[in-house]
Amino acid sequence: MLFFGSNPSFRYNKCLYLQYKQKRKTMEIRVDNGYIKYTIEDDEVIIDMVEVYEKRQGTGRILVEKVLDIARDEEKDCTLACFPQDDAISKSDLCMFYESLGFECDYRGSKDEADLYIYRY
């Protein structure tokens, strides 16, 4: 058993956290023009981050498609939360991008007013 600090409650909670963290598999795929980070959970694959250096060259699509292939191989749903990180893409273009990959938007309120969009594949 691992021990962290002298407080037994802290040790117990820390061990539970480590056990939970060990069940999760956080992965990363890198290409010359960017990378994608994703986590394989028990029941789904979560896309945590997509970073593309030179925009509008198909790199984001390639990276997301690779993770979708992994989700299909694992027989799991794929989920992501997205929002524009800079002015390189508008909210509507970002939504259209993920919808073109087969994701369905699950947001609350108006698409134009929401700051965060949850997509499920």
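Start with strands β2 and β3: in this predicted model, β2 and β3 (residues 44-52) run antiparallel to each other, paired over seven bridges. To find your place along that pairing, look at threonine 39, whose bridge partner in β3 is isoleucine 46. The two strands make a hairpin, with three residues between them.

Now go to the other neighbour of β2. Strand β1 (residues 25-31) also pairs with β2 in the antiparallel sense, over seven bridges. Here, too, you get a hairpin, this one with two residues between β1 and β2. So how covered is β2 itself, which spans residues 34-40? Mostly: six of its seven residues are buried. As a general point, side chains in a regular strand alternate between the two faces of the sheet.

One residue of β2 deserves a longer stop, and that's tyrosine 35. Tyrosine 35 is the bridge partner of arginine 30, and the link goes beyond the backbone: the charged end of arginine 30 sits over the tyrosine 35 ring, 4.4 Å from the ring centre. Is tyrosine 35 buried or exposed? Its relative accessibility is 11%, so it counts as buried, the cut-off being under 20%.

That brings us to the aromatic pairs, of which the structure holds three. One of them joins tyrosine 35 to tyrosine 53, with 6.4 Å centre to centre and 55 degrees between the planes, a tilted arrangement. Because tyrosine 35 lies in β2 while tyrosine 53 sits in the loop between β3 and α2 (59-74), this pair ties together parts that are 18 residues apart in sequence. Tyrosine 53 counts as partly exposed, at 44% relative accessibility.

Another pair is made by tyrosine 98 and phenylalanine 103. Their ring centres are 5.8 Å apart and the planes stand at 90 degrees, so this one is edge-to-face. Tyrosine 98 is buried, at 7% relative accessible area, and phenylalanine 103 is buried as well, at 3%. Add Phe97 and you have the full group: Phe97, Tyr98 and Phe103 form one aromatic cluster.

Last stop, the cysteines. How many disulfides does the structure hold? Zero. For orientation, a disulfide is a covalent bond between the sulfur atoms of two cysteines. Cysteine 78 is buried, with a relative accessible area of 0%, and cysteine 95 is likewise buried, at 0%. Since a disulfide needs a pair of cysteine sulfur atoms within 2.5 Å, that's the distance to keep in mind when you look at the sulfur atoms in the model.

Technical notes
Residues numbered from 1 in each chain as written. Predicted model: local features only at pLDDT ≥ 70, side-chain atom pairs only at ≥ 80, totals over all residues. Heavy atoms only, no water. Buried < 20%, exposed > 50% of the residue type's maximum accessible area, 1.4 Å probe, protein only. Helix = DSSP H or I, 4+ residues; strand = E, 2+ residues; numbered from the N terminus. Pairing = 2+ DSSP bridges. Phe/Tyr/Trp six-rings, centres within 6.5 Å; stacked < 30°, edge-to-face > 60°. Lys NZ or Arg CZ within 6 Å of the ring centre and 35° of its normal.
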